[in-house]
Amino acid sequence: MYFDYFTVLVFASVGLAFVFANLLIASVLRPQRTQDEGLETYECGEVTIGEAWIQFDIRYYTVALVYVVFAVEIAFLFPWAIVLKEAYAGTGAGAGAGIGIFALIEGVIFLAVLALGLAYVWAKGDLDWVLTYSAQPYQPAGRESSNLPLVQELEKEQERLAEERKKAAAAAASSEAAA
Amino acid sequence: MAETLFYALALAAVGFAVGVISARSPMLSVLSLLGAFVCLALVYLLAGFQFLAGAQVLVYAGAIMVLFLFVVMLLNLADLSKVAEHPTRVLGVHRVALAGGSAALLGVLALLASRRIPDTAADTAMLARGFDELEPIAVALFSRYLLPFEAASLLLLATMVAVLVLAKRARAPQGPREQAQAVDAHGDARGDASDAARELEGAGLR
Amino acid sequence: MSNYLQSLPSIAPEIAMTVLLCAVLVVDLLLKGRDSRKVGYLTLGGLGVVAWLLLGQWGELGSAGAAKRVFGMIDIDRFSTFFKLFTVGSLAAVVLFVLLDRRERRHGIGEYYLLLLGAGLGIFFMVSTSNLLLLMLGLELLSLASYSLAGFHKGDKRSAEAAMKYVVFGGLSAGVMLYGISLLYGITGTIDLTEMASGPHSLAAQFSSGPVPVAVAIVLVLAGFAYKVSVVPFHFWTPDVYEGAPTPVTSFLAVASKAAGFAALLRFVGKLFLVDGADGAVQQYGARIGALLAILSALTMTLGNLAALRQSSMKRMLAYSSIAHAGYVLMGMATMESSGWNAAMFYLAAYYLMNLGAFGFVLYFESVTGSDDIASLKGLGAKALWVTVPMVVFLVSLTGLPPTVGFTGKYMLFVAGVDNGLLWLSLVMALNSVVSLFYYFRIVKALFLAEPAERSMPGQSALAGSIFVLAVLTVLFGLYIAPLQAWCDASVESLRLGAG
């Protein structure tokens, strides 16, 4: 019986090998320059804010729970599909037992009870993602200035330019007034 | 061959289980749990329960795992100092450990002694039908075990409601109509309004 | 398949409960969460229908001991009907508590009733099945609903703590019990209790060939039950959960949930070791189980009573007292004889009445004084005689003094113990009853012997009325014991005969 799962084994090992082989190839091929900027998290060129480890909203959990319930349902519906097919085709283990229509009713009851659960979740608004109540306008945390040398230089440069522009404008205004 | 594989997998499952409770990072715990689930699925496969192995991967390694991941992400792990403020005394960890440890010890005892059990005790009817195909399971599920099957759907429904009730945030009544109804429902008791306010606050209404 | 259709009327109460549960959910959704009291009234009405169906079933079963098995796993006998009737009664009382109490009322959203019904349905499965799979499903249905109910007061930290502890200990015990069941299945090749007792690989036969695994499996399953009924090594969760949970939920946990655990335990032990015509090896093995139960019983009642002495919170005190009462019921079981089991059944019935009443009283005074401290009751005795006099009746009954149902129950237990060679345990119980007198009467002392308080008492006549009815029943069944005793005898008889 071990050969029954030989293909599964091959599939799993090729899949695993693919992951690690790619990592290996990348580590060989990529340029080995480690500067401070290179170690920063890449976020579309933006400077990252805060940590990735944030507290999730509980609504993710709600959706995951509904998913679990329906995953269990799927597990039960596999045998259901088999038994219905067997019973109607008149072959296999279920043949002649008169199990078909019976199983159909049972399965429908099972689904109806779970559908009630879905209706409950839906009607209670747990599937609505955009909340209308307790609406706090989104306020991003104050952006801290980056400690990267390049960015700091750029910021300083920008500040300096702004100062110069102000000074030039003031000088122009005073000369105009003198004229 | 089968026996060696079984012991290897069982050992790996126990190793992962130890990893679940000993890992420092909750994320590592969850990943160890995933490893334990997969090892169990392989044990089922080894015993010839294809369907059970599939269901194990689908439900546990798939769905339950996602649930655990979200639970971990629900924790505010950035602020671990808060955990230290709530002493674990409330959960009586040593008691849980004691109870679990003695259960495990009993199990090991049973394992040692079970060499004397005659293997004729197997469910002969089930064995004759075989496990490696879905049909016998399906027929048994929809005839002999139909009541547990339907009870399972009720269990799932109750679980869904039970968890959603606890997970839902208290919602402040909106508009004059709902507020009036809320007051009506609260009755005329003194101090109800402050109670309700405290409750909303406690429920973490942000 | 036609035999399944024919046996559908036998599970009419279960079907009615399921339909009621679904109806409650749908109606609550249609009402959009407003005006949830209507859902409560619907629940009460539905429970009335279920009770009517159960009474019909009780009558249909006719002569004592009649039993039949439907769907290959549900035993329709007087034993299960007895517990189902009491479950419906206590569910109705809990729903009334929620509907009538000023403070609890606003928590009474539709899900409250829905979860109570779910727990009730779990109990229905638990008390009537000989199949360990369905037993486990029923147990989980009951437990999951209870976990959520224990944490129902959102924002109350103690309620959250109660739910958390309940989940952790409940999950652990369910795991231990499942482990035991899996060992039993491995040993006997079946998950049906009747087959386990009589099949070719029956427990007794397997015990003689390899005693350790069988004993380990049985002990693990018993541990799961012991958790549910809070017997001593597994009682840690009880005081904290009972104290933190909303009071109506506490009354449900203390009464219906605990009695359901006992019902399942009685059926488990009864089907395996007490059936008629069991051979010598089974009886010998049963006697060892009895000895184990006797030791647990003595430990449970003593520890429960001693811990209750030091409590200042009424709910905590009643929690420890409920641990002690579990010990009394176990004592009846430990005799492993019909007379002892009859007494245990009778005591469970008495326990339903007096504890529901006592928790109703706690609920009443919580909404007056805002706490469940015994000290806060000082001098309030004369202010609300309609509630305080019934409470005295409940306390007298809990102590085990005449003329109440608690006295009759304890007397029957005592006699059964003496008759079946458990004289030492009977004496331990008598001593414990004396100890319990001290803490029960601290409440009476606070109520009546302190300076009358100045404060006024806002009346809750409907709630007081339901407490009063329970007190009347407590005295009534204490004076006219024949009907209740006949019901208990018929129930145990139906268990002994088996339905194989």
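Here are three short exercises on this predicted model, each with a worked solution.

**Exercise 1.** Work out which helices of chain A supply the side that touches chain B, and which class of residue is found there.

*Solution.* Start with the contact itself: 46 residues of chain A meet 42 residues of chain B. Next, look for the helices on the chain A side. Both α2 (58-89) and α3 (99-123) put in at least two residues each, and α2(A) gives the most, with 20 residues. Finally, sort that side of chain A by class: you get 34 nonpolar, seven polar and five charged residues.

**Exercise 2.** Figure out how α4 (residues 78-100) and α19 (residues 461-479) of chain C pack: roughly parallel or roughly antiparallel?

*Solution.* Take the axes first. They come within 9 Å and cross at roughly 160°. Angles over 145 degrees count as roughly antiparallel, so α4(C) is roughly antiparallel to α19(C). As for handedness, the crossing is left-handed. Now zoom in on the side chains' owners: C:A93, C:L96 and C:L100 from α4(C) meet C:A462, C:L463 and C:S466 from α19(C). By class, that's five nonpolar residues, one polar and no charged ones.

**Exercise 3.** Describe how β1 (residues 67-70) and β2 (residues 74-77) of chain C are put together.

*Solution.* Check the pairing: the strands run antiparallel and are joined by four bridges. For the register, C:A67 sits opposite C:D77. Then the turn: three residues lie between the strands of this hairpin, and C:F71 takes a positive phi near 55°. Last, the faces of β2(C): C:I74 and C:I76 point one way, C:D75 and C:D77 the other, and all are buried. Side chains in a regular strand alternate between the two faces of the sheet.

Note on methods. Residues numbered from 1 in each chain as written. Chains lettered and ligands numbered in written order. Predicted model: local features only at pLDDT ≥ 70, side-chain atom pairs only at ≥ 80, totals over all residues. Contact = placed C-beta atoms within 7 Å. Nonpolar A, V, L, I, M, F, W, Y, C, P; charged D, E, K, R; others polar. Axes fitted to C-alpha atoms, helices over the stretch in contact; angles between N-to-C directions. Parallel < 35°, antiparallel > 145°, perpendicular 65-115°, else oblique. Left-handed = near helix turned anticlockwise from the far one by under 90°. Buried ≥ 20, exposed ≤ 12 C-beta atoms within 10 Å, placed from the backbone. Pairing = 2+ DSSP bridges.
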